[in-house]
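Visitor: Hi, could you walk me through a structure? I have a few quick questions about it.

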Protein chains: 2
Amino acid sequence: MTAAIETVSQWTSHGGTQGVYKHVSASCQCDMTFSAFVPPQAKSGPCPVLYYLSGLTCTHANVTEKGEFRAAAAKHGIIIVCPDTSPRGAEVPDEDVYFFGTGAGFYVDATESPYERHYNMASYVSDELPGIINSAFPANPDKQSIFGHSMGGHGALVTAMRNPGKYRSVSAFAPICNPSETEWGANAFSKYLGAGQSAWRAWDSLALIEDGGRLDEILVDQGEADEFLESGLRPWLLEEACKTAGIALTLRMQPGYDHSYYFISTFMADHIAWHAERLK
Amino acid sequence: MTAAIETVSQWTSHGGTQGVYKHVSASCQCDMTFSAFVPPQAKSGPCPVLYYLSGLTCTHANVTEKGEFRAAAAKHGIIIVCPDTSPRGAEVPDEDVYFFGTGAGFYVDATESPYERHYNMASYVSDELPGIINSAFPANPDKQSIFGHSMGGHGALVTAMRNPGKYRSVSAFAPICNPSETEWGANAFSKYLGAGQSAWRAWDSLALIEDGGRLDEILVDQGEADEFLESGLRPWLLEEACKTAGIALTLRMQPGYDHSYYFISTFMADHIAWHAERLK
């Protein structure tokens, strides 16, 4: 049984329906909000689903308003689902920084108090939310893919590697490739997962690859003018790990582009077309 | 001599440059902010310019973030310029309603005190801003067109009619076709232009057409689920006036669409392609 889903708002757009929905999440023990675009092709049958995981500080709204994904999704007949980046609410523990707590769930399942009750974004994104989508939307449950930006780009890589066979394809915009070795990730992982770095390896894309995690292929776009390139993203580490592991990574360095939605929206249609090929 | 233009922010996007700029406006006697997208084609020569006038409550930012115009502008090699909707600043007279004053300049030149000093959006949009664009951007001054949404859709129609030969083409999303007969317009016109309705006729698209104003052709998209269709927009009045006057209006009623950017962004690429044909 799926819990009740409340329609927060709905618009006709690009021939389909863009909606924002709310439900009580069992994984996160709070209300969770997500957006979903259902393309016009859904009128004649179930459509593949592409999950988009957002970056630090975002909600579903940033990509829904600025991501420019609907034209391509309507062209290829793909449902686009955009979850929130963390649990939220008065009862959810938080800190007053942008890179931890609210807006910064890092797509892990927390084990440490006081975070383990609510911060279970991994289960939410890979299990609970697809359950809702597959039962309440015109979705083909056998055809799903995943992508995302920054913290969410990393979340897409990790979610796909931790769930072999669940996603047809995975891509990322400017992913945090090795969060354990960044200030953002080390802070979050130590609080969500404990101080022992061995527990972090199951939630870090680079460590996962080193420990045998595999993907058939990965598409990554990365802006060369990204202000977080050296301090937080470091795609060259992913490139090296994929080379060693024999994973087909297409890493496209994009001159002049930064970390914003002006970058993401530029390559959005490309990524959707790439996933569409693999969701056929 | 053009006054100094300050670059507020700039991003690489869709192969071109999206910027936000600020300058002291002679028409509006205050700082004015606008956005401009310069497509990649500008590297090899001057490009046509398409001005987008926004609706009530908006600034340059709404369409810049949500309008999804850059892909089409980059494809067709067109500069897109998005001005603000009114003068702004501590010294600019205002009222605490959304349909007058700040965010609601209605693209007129005010004649009444205390508005006549700052509220000169007509001169700003049709004269001062093109002067800046043509001198500071890689623009072809002989090729400009204009479009807009709601108050700005009407602004585009009026600006083009009041400046014969200045614009190659004009289109609108959900324009306020006959503002004099709406609560929004009557309130604004009485304060900007005075209580005598005869002065309003020079700033109302329907009255302008009745009084001999002409355009070669007009493209209008209008959502059938638009919440302001009856109370504020009334495209059937424009249809009738154009029919009587022999103006080639293409009015496309779009089932299911409302007044939001989810509607505008759906038909944005169509409008840009239509203007591109006429800017060749």
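Guide: Happy to; we can talk about the interface, then some aromatic rings, salt bridges and single residues. Keep in mind that this is a predicted model.

Visitor: Good to know. How many residues does each chain bring to the contact?

Guide: Chain A gives 20 residues and chain B gives 20 residues.

Visitor: And what area is buried between chain B and chain A?

Guide: About 1,800 Å² is buried between the two, and carbon and sulfur atoms give 49% of that. On the chain B side, the residues that lose the most area to chain A are B:Thr12, B:Glu68 and B:Tyr262, which together make up 39% of what that side buries.

Visitor: How many salt bridges are there between chain B and chain A?

Guide: The count there is 2 salt bridges. A:Glu68 forms a salt bridge with B:Arg70, and their closest N and O atoms are 3.3 Å apart.

Visitor: What about residue pairs in polar contact between the chains, how many?

Guide: There are 17 such pairs between chain B and chain A, counting residues with both at pLDDT 80 or more.

Visitor: Which elements give two or more residues to the side of chain B that touches chain A?

Guide: Those are strand E1 (5-13), helix H1 (60-66) and helix H9 (261-279) of chain B. The largest share comes from H9(B), with 4 residues. By residue type, that side of chain B divides into 5 nonpolar, 10 polar and 5 charged.

Visitor: Switching to rings: how many aromatic pairs are there over all chains?

Guide: The count comes to 38 aromatic pairs over all chains. One of them is stacked: A:Tyr262 and B:Trp11 sit 4.2 Å centre to centre, with 25 degrees between the planes. That pair crosses between chains, with A:Tyr262 in helix H9 (residues 261-278) of chain A and B:Trp11 in strand E1 of chain B.

Visitor: Is A:Tyr262 buried or exposed?

Guide: A:Tyr262 counts as buried because its relative accessibility is 10%, and the cut-off for buried is under 20%.

Visitor: Which residues form an aromatic cluster in chain A?

Guide: One cluster is made of A:Tyr52, A:Phe147, A:Phe173, A:Tyr257, A:Phe263 and A:Phe267.

Visitor: I see A:Phe267 in there. Which residues is A:Gln254 in contact with, sequence neighbours aside?

Guide: Leaving aside neighbours within four places in sequence, A:Gln254 is in contact with A:Phe267, and also with A:Asp221, A:Gln222, A:Gly223 and A:Glu224. A:Gln254 is found in strand E9 of chain A and is buried, at 14% relative accessible area.

Visitor: And where does A:Ser260 lie?

Guide: A:Ser260 lies in the loop between strand E9 (248-254) and H9 of chain A. It counts as buried at 18% relative accessibility, and its side chain makes a polar contact with the side chain of A:Asp258 (2.7 Å).

Visitor: Back to charges. How many salt bridges are there over all chains?

Guide: A search of the whole structure finds 18. Among them, A:Asp84 and A:Arg88 meet through their side chains at 2.6 Å, N to O. A:Asp84 counts as buried at 5% relative accessibility, whereas A:Arg88 is partly exposed, with a relative accessible area of 26%.

Visitor: What about B:Glu95 and B:Lys191, what do their side chains do?

Guide: They meet in a salt bridge, 3.0 Å from N to O. B:Glu95 lies in the loop between strand E5 (79-83) and helix H3 (121-136) of chain B and B:Lys191 in helix H5 (residues 183-193) of chain B, so the pair ties together parts that are 96 residues apart in sequence. B:Glu95 is partly exposed at 27% relative accessibility, and B:Lys191 is partly exposed at 26%.

Visitor: Last one: where is B:Gly213 found?

Guide: B:Gly213 is in the loop between helix H6 (205-210) and strand E8 (217-223) of chain B. B:Gly213 is buried, with a relative accessible area of 14%. Apart from neighbours within four places in sequence, B:Gly213 is in contact with B:Met161, B:Leu208 and B:Ile247.

Conventions
Residues numbered from 1 in each chain as written. Chains lettered and ligands numbered in written order. Predicted model: local features only at pLDDT ≥ 70, side-chain atom pairs only at ≥ 80, totals over all residues. Heavy atoms only, no water. Contact = heavy atoms within 4.5 Å. Buried area = accessible area lost by both parts, 1.4 Å probe. Salt bridge = Lys/Arg side-chain N within 4 Å of Asp/Glu carboxyl O. Polar contact = N/O pair within 3.5 Å; in protein donor to acceptor, adjacent residues only side chain to side chain. Nonpolar A, V, L, I, M, F, W, Y, C, P; charged D, E, K, R; others polar. Phe/Tyr/Trp six-rings, centres within 6.5 Å; stacked < 30°, edge-to-face > 60°. Buried < 20%, exposed > 50% of the residue type's maximum accessible area, 1.4 Å probe, protein only.
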